[in-house]
Amino acid sequence: MKEVFVCEKPSVARDLAKTLSGGYKEIGGHYQGNDGRIYVSAFGHLVTCVKPEEMNSNWGWKGDISHLPFFIKDIPRKVIDDTGIKKQYKIIVDQMKQADVIVIATDAGREGEHIFRNIYKLAGINKPLKRLWVQDSTDSGILKAYENMKDGQDYEA
């Protein structure tokens, strides 16, 4: 079973790989653990919402006010327009597509969860998710968090 860990920062990906996989090697923008697990990192926000004026020219600052208010149930997302960010997004998505299980290993909090969910949703991937909730970044804390991973669906709201 191929596990792919999606982290918020490269340093966290390295720490997890060291502890959970007994070491790693860096390969093309991600880390491969000695046991075959894959660790990728987002280095922060890679995805943003599409601006209203990009969806409809009348919804922006220079639009026709008679078209307001507007309501969108599911605001479209896009990768931030930056070469490095687009490259890292592609690396993460390519690895998630090859995974049997994707482990949400972003920081324990709303922002980390938001970073992952935006990437996952934009990528259109539908794979089993697990949530690694690390509160203690020592080796024993990481191992304990791994043993106590929860189903990713528990965090969807």
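Colleague: Let's start with Pro69: is it buried or exposed?

Modeller: Keep in mind that this is a predicted model. Pro69 is found in the loop between α2 (52-55) and β6 (77-79). The cut-off for exposed is over 50% relative accessible area. Pro69 has 62% relative accessibility, so Pro69 counts as exposed.

Colleague: And how many Å apart in space are Pro69 and Trp59, C-alpha to C-alpha?

Modeller: In sequence, Pro69 and Trp59 are 10 residues apart. In space, going from C-alpha to C-alpha, the separation of Pro69 and Trp59 is 8.5 Å.

Colleague: Now the sheet. Which strands are at its edges?

Modeller: The sheet is open, has seven strands with mixed pairing, and follows the order β2-β3-β4-β1-β7-β8-β9. An edge strand here pairs on one side only, and that leaves β2 and β9 (150-151).

Colleague: Take β2, then. In which sense does strand β2 pair with strand β3?

Modeller: Strand β2 covers residues 24-27 and strand β3 covers residues 30-33. One of the facing pairs is Lys25 with Gln32 in β3. Over four bridges, the two strands pair in a sense that is antiparallel.

Colleague: Which residue in the hairpin of β2 and β3 takes a positive phi?

Modeller: There are two residues between the strands of that hairpin. The phi near 50° belongs to Gly28.

Colleague: On the β4 side of β3, what is the bridge partner of Tyr31?

Modeller: β3 and β4 run antiparallel and are joined by two bridges. Tyr31 itself is buried, with a relative accessible area of 5%. Its bridge partner in β4 is Tyr39.

Colleague: Aromatics next. Are the rings of Tyr24 and Tyr31 stacked or edge-to-face?

Modeller: The count of aromatic pairs comes to four. For Tyr24 and Tyr31, the ring centres are 5.3 Å apart and the planes sit at 80°, and planes over 60 degrees apart count as edge-to-face. Tyr24 is partly exposed at 35% relative accessibility. So the arrangement of the Tyr24 and Tyr31 rings is edge-to-face.

Colleague: What about Phe116 and Tyr120: stacked or edge-to-face?

Modeller: These two are four residues apart in helix α4 (residues 110-123), so about one helical turn separates them. Phe116 counts as buried at 0% relative accessibility, and Tyr120 counts as buried at 11%. Their ring centres are 5.3 Å apart with the planes at 25°, so the pair is stacked.

Colleague: Which residues form one aromatic cluster with Phe5?

Modeller: Tyr39, already met as the bridge partner of Tyr31, belongs to that cluster. Along with Phe5, the members are Tyr39 and Tyr146.

Colleague: Over to helix α1. What reach in Å does it have from its first C-alpha to its last?

Modeller: Helix α1 spans residues 10-21, which is 12 residues. At 1.5 Å a residue, 16 Å is expected. The model comes close to that, with α1 reaching 16 Å.

Colleague: Which residue follows α1, and what is its phi?

Modeller: Before the helix ends, its buried residues include Ala13, Leu16 and Leu20. What covers the buried residues of α1 includes β1 (3-7), β7 (101-105) and α5 (139-147). The residue that follows α1 has a positive phi, near 70°, and is Gly22.

Colleague: Which element gives the most to the largest nonpolar core?

Modeller: That core has 23 residues, with Val6, Leu46, Ile92 and Ile119 among those having the most contacts inside it. Elements giving two or more residues to the core are β1, β4, α3, β7 and α4. With six residues, the one that gives the most is α3.

Colleague: How does α3 run relative to β4?

Modeller: Helix α3 takes in residues 83-98 and lies across β1, β3, β4 and β7. Among the residues that Ile92 touches are Val40, Ser41 and Ala42. Relative to β4, helix α3 runs at about 150°.

Colleague: Last one: is Thr106 buried or exposed?

Modeller: Thr106 lies in the loop between β7 and α4. Leaving aside neighbours within four places in sequence, its contacts include Val6, Cys7, Phe116 and Leu132. Its relative accessibility is 4%, so Thr106 counts as buried.

Technical notes
Residues are numbered from 1 along each chain as its sequence is written. This is a predicted model: local features need pLDDT of at least 70, side-chain atom pairs count only at pLDDT 80 or more; totals for chains, interfaces and linings use all residues. Side-chain values use heavy atoms; hydrogens and water are left out. Two strands pair if DSSP finds at least two bridges between them. The expected span of a helix is 1.5 Å times one less than its number of residues. Buried means under 20% relative accessible area, exposed over 50%, partly exposed in between (1.4 Å probe, protein chains only). Contact means heavy atoms within 4.5 Å. Rings of Phe, Tyr and Trp (its six-membered ring) pair if their centres lie within 6.5 Å; planes under 30 degrees apart count as stacked, over 60 as edge-to-face and the rest as tilted. Axes are lines fitted to C-alpha atoms, for helices over the stretch in contact, and angles run from 0 to 180 degrees between N-to-C directions. A nonpolar core is a set of buried Ala, Val, Leu, Ile, Met, Phe, Trp, Tyr and Cys residues joined through side-chain atoms within 4.5 Å.
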